[in-house]
Amino acid sequence: MTTPATASSRRPLWARVPVVSHLRQSVGLQRGMLVVGLVLTGLFLLTALLAPVLAPYGFAQLRGPDGAFGATQPPSAEHLLGTTQGGFDVLSRLIWGSRTALLVIVVAVVASILIGVALGLVAGYFGGWLDRVLVVIADAIYAFPSLLLAIVLAIVISGGQSSMWGGILAAALSITVIFIPQYLRVTRAEVIRVKSEAFVESARVVGASHVRIMTRHVLRNSTRTLPLILTLNASEAILTLAGLGFLGFGIEPTAAAEWGYDLNKAVADVSSGVWWTAVFPGTAIVLVVLGLTLVGESLNDLSDPRLRKRAAGEEPAEELLDPGVDPAPAVVSKETVA
Amino acid sequence: MTTTSDAPAARAGAPRAWAKKPGGSLGRYIAVRALLIVPTVFILVTTVFVLMRLTGDPITAAQGGRLPADQLAERIHEAGYDRPILVQYLDYLGGVFSGDFGTTLSDRREVTEVIATFGAATLELAFYALIVAFLVGIPLGRLAAFHRDRWPDAIFRVGGILAYATPVFFAGLLLKLIFSVWLDVLPVAGRADTRTELTLSRGDGATGIYLIDAIRTGDPAVLGNVLQHAILPAVTLGLLTAGVFLRVVRTNVISTFGAGYVDAARSRGVSERRLLRKHAYRPALIPIVTVVGLQIALLLGGAVLTETTFEWKGLGFQLSQYLQARDFVAVQGIVVVLAVIVAVTNFIVDIIAALLDPRVRY
């Protein structure tokens, strides 16, 4: 969906897939950052998918074959990363936690793309009062401290505490509302740019309906900045989920594993010198966010010809030759730099 | 959180839709910008109100299940939550515009009083954090830009991303673990020792901002104690923002470094260092002003988490206490006030940006 329809057909399809094409363009340091980001993200995805295989115990398991695990046990052969105050295995909750995080990201990003892009398309295409109202609302929400908004929404959706799916939906939808304005703005800016192109006008002259022009001609050419925001938002989603969990809006420990909740419980441990309950879930968050951000940052730099470093002797950036993918307008690309 | 780095252009982007013609005076800009606060605050207040009422009334949320049904109904009636939603909304709106944000359920205090009591601590923390962010973010961003695409740049950039990737509360926990528990050089939590707090609160006309109060006591021990407690929270929250500053300064210095007037200066034989210091650096700082404004929202969100981590008794700490007590009147009040603060700060910042950069006008 993100492949521009008008892109040159000289390169094979797989080379035009966003991340792959960026990887092929990159050199040196930039490639290094992108590769590190991709590896971290890949590890995260694998852990999330293979959680049942990788985790030594269940996320809410309190006893093994030899009896109860015991509370705040330091790392040992049986519990590689120790146990928590509540008597859970830290490693198992770490691994299962990646699954919760992934689910939240997927729900949040899919929901905000669907709603945000649709609103941006309508606002940008039709303009007028609808556009103004949507932009003012989006600006108001955008200026709001996102964590506070997420708290309010978490209260609304789940009343504070919840089951696995209740918690995941609460966290994801709270994050969705924060993201919609971003997708709206970016899509709107792109749509406004694209709709003045000659091919849109010719479609109108031919008599295509608004819906057809919007979906077939405008939308397809307005989605190229989305992969960037997508990765950056995915990392923000994890941080917001963890923040909610830390404030006690997480998912019940017996319903699913969630890193922010574990960190909340670790605050008391830290003061008494118990480090493993805080350090491991925290490091997991940092690594996942780092991976996603590195991918997002690199994609952003590579998409912006002014920031891209070229390999010696390489042809001029293809964007300059290819009318379908001309350089992003400054405002749009800058906005996506977190 | 996503922030706008090339801020003047982006921030002006939306309101520009209102403009009738390009160009205009500064006075007109300020007037239009001031008027835009009204819909922003209105939308936020309405959104929070509607969302909070979707779940039902705050009394059921706080007491639900613990009170018999008839007593619950009576209390709901007393508080007026059984009136039509529109009446409640207008009532609330009237209250907000006359500065009345309601009374908390758990400890029966005026929300405005809660904010006056705990706001000072949050203000103090935000101030320290901004200082740390400036001291760390701006020089490093400049260095990164100067060494663009070489190793120092890579290290600073990864550092900046790490600062963003680390949740504030985890950074706080780590710092606490290292400096308070293992090295035992800094206090674990709180704004000051109990004794110092007593001394400070006894002073005449205490502002609640411990730094000012401590200086006024003239006792170096008190001041030292206050500052010691401030280090970890300030660094925790400051580093979060420092990472953002670093990125913005780097990107902007790189783009001004490629500007025509820099090329012109270079062709006149100006040294690279002087180019960076005199030509590229200063204009690159203008967007920082706007970024600071956008950071206020991030800073307030971060303050909630930092204060909870360090038991720093400010608005954020109080908010999380109220959340745990399920006191949603208090939560709604604090959230709305914070939203108003953010809207007003953004307004002030936009005005400063307009004063600095004559191109920012409607």
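**Two chains, helix by helix**

Biologist: What percentage of the 362 residues of chain B count as buried?
Modeller: It comes down to counting neighbours: a residue is buried if 20 or more other C-beta atoms, placed from the backbone, lie within 10 Å of its own, exposed if 12 or fewer, and partly exposed in between. In chain B, with its 362 residues, the share that counts as buried is 44%.

Biologist: What kind of model is this?
Modeller: Residues are numbered from 1 along each chain as its sequence is written, while chains are lettered from A and ligands numbered from 1 in the order in which they are written. Local features need pLDDT (the predictor's confidence in each residue, from 0 to 100) of at least 70, side-chain atom pairs count only at pLDDT 80 or more, and totals for chains, interfaces and linings use all residues, since this is a predicted model.

Biologist: What ipTM does the predictor give the complex?
Modeller: There are two scores for the complex here. The pTM is 0.77, and the ipTM is 0.75.

Biologist: What is the mean pLDDT of chain B?
Modeller: In chain B, 88% of the residues reach 70 or more. Residues 1–22 are another matter: their pLDDT stays under 50, though the model has 57 contacts for them beyond four places in sequence; a contact means C-beta atoms, placed from the backbone, within 7 Å. Where pLDDT is low, the predicted coordinates should not be read in detail. Over the whole of chain B, the mean is 77.

Biologist: And in chain A, which element has the lowest mean pLDDT?
Modeller: Chain A averages 74, with 75% of its residues scoring at least 70. Its elements range from helix 5, the highest at 85, down to a mean of 33. Residues 311–338 of chain A are below 50, with 62 contacts beyond near neighbours in sequence. The lowest mean belongs to helix 15 (residues 330–335) of chain A.

Biologist: How many strands are there in chain B?
Modeller: Helices (H or I, at least four residues) and strands (E, at least two) are DSSP runs, numbered from the N terminus. Chain A has 15 helices and 2 strands. Chain B has 15 helices too, and its number of strands is 0.

Biologist: Of the contacts in chain A with a separation of 6 or more, what percentage comes from residues 24 or more positions apart?
Modeller: For chain B, 75% of the contacts between residues at least 6 apart join residues at least 24 apart. In chain A, the share from residues 24 or more positions apart is 71%.

Biologist: How many residues are in the largest nonpolar core?
Modeller: A nonpolar core is a set of buried Ala, Val, Leu, Ile, Met, Phe, Trp, Tyr and Cys residues joined through C-beta atoms within 7 Å. Among the members that touch the most others is A:Val104. Leaving out residues up to four places away, A:Val104 touches A:Ile168, A:Ala171, A:Ala172, A:Ala237 and A:Leu241. The residues in this core number 199.

Biologist: Is helix 14 (residues 315–324) of chain B largely enclosed or open?
Modeller: Its buried residues include B:Leu315, B:Phe317 and B:Tyr322. Since 8 of the 10 residues of helix 14 of chain B are buried, the rest of the structure leaves it largely enclosed.

Biologist: Which residue just after helix 14 of chain B takes a positive phi?
Modeller: B:Glu311, in the loop between helix 13 and helix 14 of chain B, has a positive phi near 50° and is partly exposed, with 13 other C-beta atoms within 10 Å. Just after helix 14 of chain B, a positive phi of about 55° is taken by B:Arg326.

Biologist: Which residue has its C-alpha atom 9.4 Å from that of A:Gly127?
Modeller: A:Gly127 is in the loop between helix 5 (90–126) and helix 6 (128–143) of chain A. A:Gly127 is partly exposed, with 15 other C-beta atoms within 10 Å. Its partner, 61 residues apart along the chain, is A:Arg188.

Biologist: At what angle do helix 8 and helix 13 of chain B cross?
Modeller: Axes are lines fitted to C-alpha atoms, for helices over the stretch in contact, and angles run from 0 to 180 degrees between N-to-C directions. The axes of helix 8 (residues 168–182) and helix 13 (residues 272–310) of chain B come within 8 Å, and the crossing angle is roughly 30°.

Key:
Two residues are in contact if their C-beta atoms, placed from the backbone, lie within 7 Å.
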